Amino acid sequence: IYILLHFNSSIDAFAPLQISAVDETIERGFLLDAYRNTVPTFHILGSQLALMLGKDCSFLLFSPIQLIPYAALFFLLMLKLSDSYFLAGLVSLTELTTGYAGTQRIFFWPHGIGSILYFALLILFLLMFSEKNRSVWQYHLMAVIIGISLVFTSYDVIFTFLLFLSSFV
């Protein structure tokens, strides 16, 4: 609850512009060309959420949509890296409560959705290279699907992932 109170009404300045693009996508019934070049998956996901929940798009600005998946995947990644529940919890809590706006980690935002996919990819890489049987084709398939999704979700996070891959290779 502290996290939600800490970041109450504290959103990134570009968030209303992104949400207005989601609203315009719902209103027109298709994704405009201008939005296809930036983060099309985000606008489509936002449109689907608003239509499924039957709410106005403005709820996306202040609803903690990313909080649970972001926190869970970040905690799992830290747990895999540290093998300590206490350290993973401490680092996760620090990650969630630092900063000046909750947009990236808590509220609906393209780079936040991209971060969730990035954490999933890192966890998959850790699983692929830590398993005794390295021929686990399911991990490879999931990594390809998530990687392709990441390309259309966040241009910032895909660059970070490409840096990770190049340094890994």
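Read along the sequence, the chain of this predicted model follows the pattern α-α-α-α-α-α-α-α-α-α. Put as a count, the secondary structure comes to 10 helices and zero strands. Of the 169 residues in the chain, 42% are buried.

A good place to begin a tour of these helices is Leu121, which lies in helix H8. Its relative accessible area is 0%, and because buried means under 20%, Leu121 counts as buried. Leu121 can also be paired with a residue from another part of the sequence: Leu121 and Leu150 are 29 residues apart in sequence, while their C-alpha atoms are 9.5 Å apart in space. A second pair of this kind involves Gln48, found in helix H4, which spans residues 40-53. Between Gln48 and Val22 there are 9.3 Å in space, C-alpha to C-alpha, for a separation of 26 residues in sequence. Gln48 has a relative accessibility of 43%; this value falls between the limits of 20% and 50%, so Gln48 is partly exposed.

Helix H2 offers an example of charge pairing. Side chains of opposite charge can pair when their charged atoms come close. A search of the whole structure finds one salt bridge, and the side chains that meet in it are those of Arg28 and Glu24, at 3.3 Å from N to O. Both residues lie in helix H2, four residues apart, which is about one turn of the helix. How accessible are the two partners, Arg28 and Glu24? Arg28 is partly exposed at 47% relative accessibility, and Glu24 is partly exposed too, with a relative accessible area of 24%.

Helix H2 appears again in the description of empty space. Rolling a probe the size of a water molecule over the atoms shows where such space is left. The largest pocket has a volume of about 190 Å³. It is lined by 13 residues, and the closest to its centre are Gln18, Thr38, Val39, Pro110 and Tyr155. Which elements give two or more residues to this lining? They are helix H2 (15-28), helix H3 (33-36) and helix H8 (110-130). The largest share, three residues, comes from H2. Sorted by class, the lining of the largest pocket holds nine nonpolar and four polar residues, with no charged residues.

The outside of the model has a feature of its own in helix H7. Phe86, Leu87, Leu90 and Val91 make a nonpolar surface patch of about 380 Å². One of these residues, Phe86, is found in helix H7, which covers residues 85-97. Is Phe86 buried or exposed? With a relative accessible area of 66%, Phe86 lies over the 50% limit and therefore counts as exposed.

Just ahead of this helix comes a point of interest in the backbone. Asp83 lies in the loop between helix H6 (67-82) and H7. Most residues other than glycine have a negative phi. Asp83, however, has a positive phi of about 60° although it is not a glycine. Its side of the story at the surface is plain as well: at 70% relative accessibility, Asp83 is exposed.

Methods:
Residues numbered from 1 in each chain as written. Predicted model: local features only at pLDDT ≥ 70, side-chain atom pairs only at ≥ 80, totals over all residues. Heavy atoms only, no water. 1 Å grid on protein atoms, 1.4 Å probe; cavity = no way out; pocket = protein on both sides within 12 Å on 5 of 7 lines; lining within 4 Å. Points joined across faces, edges and corners; volume = space filled by probe spheres on them. Nonpolar A, V, L, I, M, F, W, Y, C, P; charged D, E, K, R; others polar. Patch = residues over 30% accessible without salt bridge, like charges linked within 9 Å, V, L, I, M, F, W, Y side chains within 5 Å. Areas by Shrake-Rupley, 256 points an atom, 1.4 Å probe, with all protein chains shown as cover. Salt bridge = Lys/Arg side-chain N within 4 Å of Asp/Glu carboxyl O. Buried < 20%, exposed > 50% of the residue type's maximum accessible area, 1.4 Å probe, protein only.
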